[in-house]
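Visitor: I am new to this structure and would like a close look at a single part of it, followed by its surroundings. Please start small and work outward.

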Amino acid sequence: MILLALLTILFAGAAVFYVIVDAPEKYARLERIAYCWPLGMIALGIPMFLLSWAGCHLSVAMGLSIVVVEWVLAKMIGAHSWQFWVVKDEDRPPFTEFEWFLFIVVVGCLAARFACSMLAPLNDNDGVAVWALKAKILYYDTLRHTSYFQQKDLAFSNHSYPLLWPMMYAWACTCMGNWDDQTMMVLNPLNLVVFAVLLYYACCRHVRRTVAMATVAMMVSLPALLHYTECGQADVPLMLMAGASFFCLFDWMHEGRTDSILLTAVLMGGCLWLKLQGDVVFVAYLLTAGIFYWKRLRQLAWLGGIPILLFLPWLIFLRLYVHNWHAEYENISFAAIRWRELPNALVFIAENSVRWYNSVHLAKWNLLWPVLVLAAVTSKCVRQNPWRCIVVAWALQSGAIVVLYLIVTEPIRLGAGTEFQMEREALIILAPLWLLFAKCVDEHRNRT
Amino acid sequence: MMRIILLLVLLQLSLFWVGLAETTTRARLLWGKSVEERRAVVNNIGAALTRIASHFPMDAKIYLIHPQGFLYMNAVYYFYPRFLTVTMTNRRYNTVQEFAEWNEIPSVDWLLANGFTHVLSFQNGQVRGWRVEPGLELK
């Protein structure tokens, strides 16, 4: 029955993809299916949130009805035939031996991660106390009737975190008919598989296939991803959503297609629904697009407006029902930013960037960061649009994180908590950087 | 310079076995065990709390005394949908400081009036539980 949960997510996303995309031949077949996954989380999660708020318990009938209604609407709005899904991919030459090797590495790593994620029950404090707890509440209760948001002793679970990811867990358990925090974890490695597919096809549009495959192989074998793919938190889903939205945004920057910007907008709405860090992603990507493509004002308005429209139900719910939501932010305000600490913060970052590569971090990240920085600094593409947009988006996201750390009351230091936080931020920031990495490597390959 | 960068990229690519080895080692460690055995390996607190929670009926309303932050946060999840709380005053308990200041031992009359069925304590690593009945004494 877990298969039912996965298929409904895919079909819900397929309805959205069907409505938005004008030219399906721009996407490979596997890529179209991959985009349906993050779109499906949004297309299923938001209506379920609204129905739970109205007092309806999650049920299989509810989920299937949502999918049916969405498809009826999609057929009314969309002007495509069923051929939409079976448009043939471009003919490509067969894999070379090295590409076969890389393909086997990718499949092997994904299979190993899948096995690991399915075998390991929930084992992370935040995964248990924040995300799985919310999912259990959504499974057993409704948003209308639960007292969860009024219980201040449960503030450790962050009442103000959006509910899209817990809703997916709850949906998986609803389809299974019982609370099963082992089988529901299948959602985590699936996010990684989908991200690998989207990254591969995004890279293939701009670099040779070997480099695209090599980039994906490096991504799926990154030890730092292991913990977060199995721990049950919302960082890997946010990495997927941020990556998917940036790949669509990048297509829009290249070609200016309306369907690309609409896909980006819907996916950025998903980022807002996943974690508070999704707000940083949204602002960074919107600002980046605004700085370099300000002449496409109408499309930028969609990019800014659609995510906020999608997020509005949660903002209204937060204001009405989460009485202590502001406690999360009581120290966060523009006036609380300790600007005088900025030089110390920059020195701290510089010092620790070098010292950071101790044996622990080398084991987690290998040589990725130094190679990425070196490749980017020595390549010409970063000085051209739209590639420099990736650098700007990275700078804006990183800058926002530095500012957020300047407004907490604690002194700036590197403890275990900060390290894990930095790891999580790095995974999300990396999502578009993989594309830049592939381009830089391809450029260097061309120059030798 | 370009050749050096490409060599470094190839070196990074060749390190795929680090991630693969780590993942397969972890999978081998957990293979062939039951869910509870695997939970005991990766999250022994969760395994213990699951076992303790199974002794209470699903509609139990439990008051936890002498709470420790980490245990309480995990217990709320593992006990749910059983109601578990540590406060009579709907006070916020989130930081180490706030848990250190905890001082809300309820009276039996209050527990009975508010429909609590059990009291639980994990103090000093010992699990102790009491059914809420008239005459119950709590310290």
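Visitor: Is A:S157 buried or exposed?

Guide: The model is predicted, and what follows describes that model. A:S157 is buried, because its relative accessibility is 0% and the cut-off for buried is under 20%. The residue sits in the loop between α5 and α6 of chain A. Setting aside residues up to four places away in sequence, A:S157 touches A:A129, A:V130, A:L133, A:K134 and A:Y148. With one of these, A:Y148, there is also a polar contact: the two side chains are joined at 2.6 Å.

The loop that holds A:S157 also holds A:N158, between α5 (residues 125–140) and α6 (residues 164–176). A:N158 has a relative accessibility of 17% and therefore counts as buried. Its backbone deserves a note. Most residues other than glycine have a negative phi. For A:N158, phi is positive, near 55 degrees.

A second asparagine in chain A can be described in similar terms. A:N366 has a positive phi near 50 degrees, and it too is a residue other than glycine. Its place is the loop between α15 (residues 359–365) and α16. A:N366 is buried, because its relative accessibility is 5% and buried means under 20%.

The loop after α16 has a backbone feature of another kind. Most peptide bonds are trans. The bond from A:N385 to A:P386, however, is cis, with omega near -10 degrees. A:P386 belongs to the loop between α16 (residues 368–377) and α17 (residues 387–406). Chain B has a cis peptide bond as well, running from B:Y80 to B:P81 with omega near 15 degrees. B:P81 lies in the loop between α5 and β2 of that chain.

These loops of chain A belong to a chain of helices: there are 18 helices and 0 strands. Chain A has 448 residues, and 60% of them are buried. Taking the contacts in chain A between residues at least 6 apart in sequence, 82% join residues at least 24 apart. The chain exposes about 17,200 Å², and carbon and sulfur atoms supply 66% of that area.

Part of the surface is a nonpolar patch, formed by A:V19, A:V68, A:V69, A:V72, A:L73, A:M76 and A:I77, which together have about 650 Å² of accessible area. Helix α3 of chain A, residues 60–77, provides the largest share of this patch, with 6 residues. A:V19 is in helix α1, residues 2–20. With a relative accessibility of 30%, A:V19 counts as partly exposed.

Next comes the interface with chain B. Here 59 residues of chain A are in contact with 47 residues of chain B. The size of an interface is often given as the accessible area lost when the parts come together. Between chain B and chain A, that buried area is about 4,600 Å², with 71% of it from carbon and sulfur atoms. On the side of chain B, the trio B:Q12, B:Y77 and B:Y80 supplies 17% of the area buried against chain A, more than any other three residues. One of them, B:Y80, is also the residue from which the cis bond to B:P81 runs.

The interface has polar links too. The rule finds 2 salt bridges across it, and A:E230 forms a salt bridge with B:R26, with the closest N and O atoms 2.5 Å apart. Counting pairs with both residues at pLDDT 80 or more, 17 residue pairs are in polar contact between the chains. Several elements of chain B each give at least two residues to the side that touches chain A: α1 (2–14), α2 (16–30), α3 (35–42), α5 (69–79) and β2 (83–85). Among these, α2 of chain B gives the most, with 10 residues.

B:F16 is located in that helix, α2 of chain B. Apart from neighbours within four places in sequence, B:F16 is in contact with A:F101, A:V105 and A:S221. Its relative accessible area is 18%, so B:F16 is buried. From B:F16 to B:Y77 there are 61 residues along the chain, and their C-alpha atoms are separated by 36 Å.

Note on methods: Residues numbered from 1 in each chain as written. Chains lettered and ligands numbered in written order. Predicted model: local features only at pLDDT ≥ 70, side-chain atom pairs only at ≥ 80, totals over all residues. Heavy atoms only, no water. Patch = residues over 30% accessible without salt bridge, like charges linked within 9 Å, V, L, I, M, F, W, Y side chains within 5 Å. Areas by Shrake-Rupley, 256 points an atom, 1.4 Å probe, with all protein chains shown as cover. Salt bridge = Lys/Arg side-chain N within 4 Å of Asp/Glu carboxyl O. Helix = DSSP H or I, 4+ residues; strand = E, 2+ residues; numbered from the N terminus. Buried < 20%, exposed > 50% of the residue type's maximum accessible area, 1.4 Å probe, protein only. Contact = heavy atoms within 4.5 Å. Buried area = accessible area lost by both parts, 1.4 Å probe. Polar contact = N/O pair within 3.5 Å; in protein donor to acceptor, adjacent residues only side chain to side chain.
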